[in-house]
Amino acid sequence: MATKPAIGGRSVINQNSDERSDRLVRHERRGLWLCLLVIVLLGVVALLAGMSSDPAKTRYAERLMTLIPIVIFFGAIWVNRLHPGAKPAQMKEQQRAMLNDELRLVASQHAFKAGFLSMLGAQALFCLLSFVLTLSWSAGLLAATTVTLGTAVFIGVFLFYDRA
């Protein structure tokens, strides 16, 4: 079964698969933006709660924590409205193809390096600051800050290098 060439010599099948892959990339980018938003919100709230000795600020941070599930809920609706009638088996096949995309592999390599180096840099900065200043942060808060920073840098760099 031959397809008629479309404008520019490209077949109709290639145009449809390109359109589907572009939609899938946009869908995944929306999910990554949602993840970045949630991670930054969690990091800011953890810093507010951990750095403050004032009970009123701690209660305020706890109230902010109750808003994060609402952000996740509405964000999931926002992300999933792009694929209203797609079949799960078809989506899995397309996602598997996107995982082997060369541009996405390069973007993830850059993102892993940047995230790892930012986590190492944050730990070194905390160690140097502990010699100069008296930090009253707990080890859990330092670990949460480091992981939040590394994850946010990873997602941000991946979004920067990933094709739009």
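**A buried salt-bridge network in an all-helical model**

Asp162 and Arg29 are both buried in this structure, which is a predicted model. The two side chains form a salt bridge, in which the closest N and O atoms lie 3.8 Å apart. This pair links distant parts of the chain, since Asp162 belongs to the segment after α5 whereas Arg29 belongs to helix α1, with their positions 133 residues apart in sequence. A further salt bridge is made by the side chains of Asp162 and Arg104, with an N to O distance of 2.8 Å. Here too distant parts of the chain are linked: Asp162 lies in the segment after α5 and Arg104 in helix α4, the two being 58 residues apart. Like Asp162, Arg104 is buried. Through shared partners, the salt bridges join Arg29, Arg104 and Asp162 into one network. The count for the model comes to two salt bridges. In general, side chains of opposite charge can pair when their charged atoms come close.

The setting of this network is a helical protein. The secondary structure consists of five helices and zero strands, and the pattern read along the sequence is α-α-α-α-α. The protein has 164 residues, of which 26% are buried. Among contacts with a separation of 6 or more, 76% are between residues 24 or more positions apart. The accessible surface amounts to about 11400 Å², and carbon and sulfur atoms account for 68% of this area.

In the interior, the largest nonpolar core contains 10 residues, namely Leu32, Leu36, Ile39, Ala107, Ala111, Ala152, Ile155, Val157, Phe158 and Leu159. The elements contributing two or more residues to this core are α1 (12–51), α4 (102–132) and α5 (139–161). The greatest contribution is that of α5, which provides five residues. Val157, one of the core residues, touches His110, Ala111 and Ala114 when residues up to four places away in sequence are not counted. Of these partners, Ala111 is itself listed in the core.

Another buried position in α5 is that of Thr145. This residue lies in helix α5, and its relative accessible area is 18%. Because a value under 20% defines the buried class, Thr145 is counted as buried. Residues up to four places away in sequence being excluded, Thr145 touches Leu47, Phe126 and Trp137.

Contacts between α1 and α2 are illustrated by Ala61 and Leu48. Ala61 is found in helix α2, and its relative accessibility of 1% places it among the buried residues. Apart from neighbours within four places in sequence, Ala61 is in contact with Val45, Leu48 and Ala49. Ala61 and Gly50 are separated by 11 residues in sequence, and the distance between their C-alpha atoms is 9.4 Å. Leu48 is located in helix α1. With a relative accessible area of 37%, Leu48 is partly exposed, because this class covers values between the limits of 20% for buried and 50% for exposed residues. The contacts of Leu48, again without residues up to four places away in sequence, are with Ala61 and Leu64. Leu48 and Glu62 are 14 residues apart along the chain, and their C-alpha atoms are separated by 9.4 Å.

Nonpolar side chains also occur at the surface. A nonpolar surface patch of about 510 Å² is made by Leu67, Ile70, Phe73, Phe74 and Ile77. Phe73, one of the patch residues, is found in helix α2, which spans residues 55–80.

The cysteines were considered last. A disulfide is a covalent bond between the sulfur atoms of two cysteines. The model has a count of zero disulfides. Cys35 is partly exposed, its relative accessible area being 37%. Cys127 is likewise partly exposed, with a value of 44%.

Methods: Residues are numbered from 1 along each chain as its sequence is written. This is a predicted model: local features need pLDDT of at least 70, side-chain atom pairs count only at pLDDT 80 or more; totals for chains, interfaces and linings use all residues. Side-chain values use heavy atoms; hydrogens and water are left out. Patches are made of residues with over 30% relative accessible area and no salt bridge: like charges are joined within 9 Å, nonpolar side chains (Val, Leu, Ile, Met, Phe, Trp, Tyr) within 5 Å. Accessible areas come from the Shrake-Rupley method with a 1.4 Å probe; for residues, only the protein chains shown count as cover. A salt bridge is a side-chain nitrogen of Lys or Arg within 4 Å of a carboxyl oxygen of Asp or Glu. Helices (H or I, at least four residues) and strands (E, at least two) are DSSP runs, numbered from the N terminus. A disulfide is a pair of cysteine sulfur atoms within 2.5 Å. Buried means under 20% relative accessible area, exposed over 50%, partly exposed in between (1.4 Å probe, protein chains only). A nonpolar core is a set of buried Ala, Val, Leu, Ile, Met, Phe, Trp, Tyr and Cys residues joined through side-chain atoms within 4.5 Å. Contact means heavy atoms within 4.5 Å.
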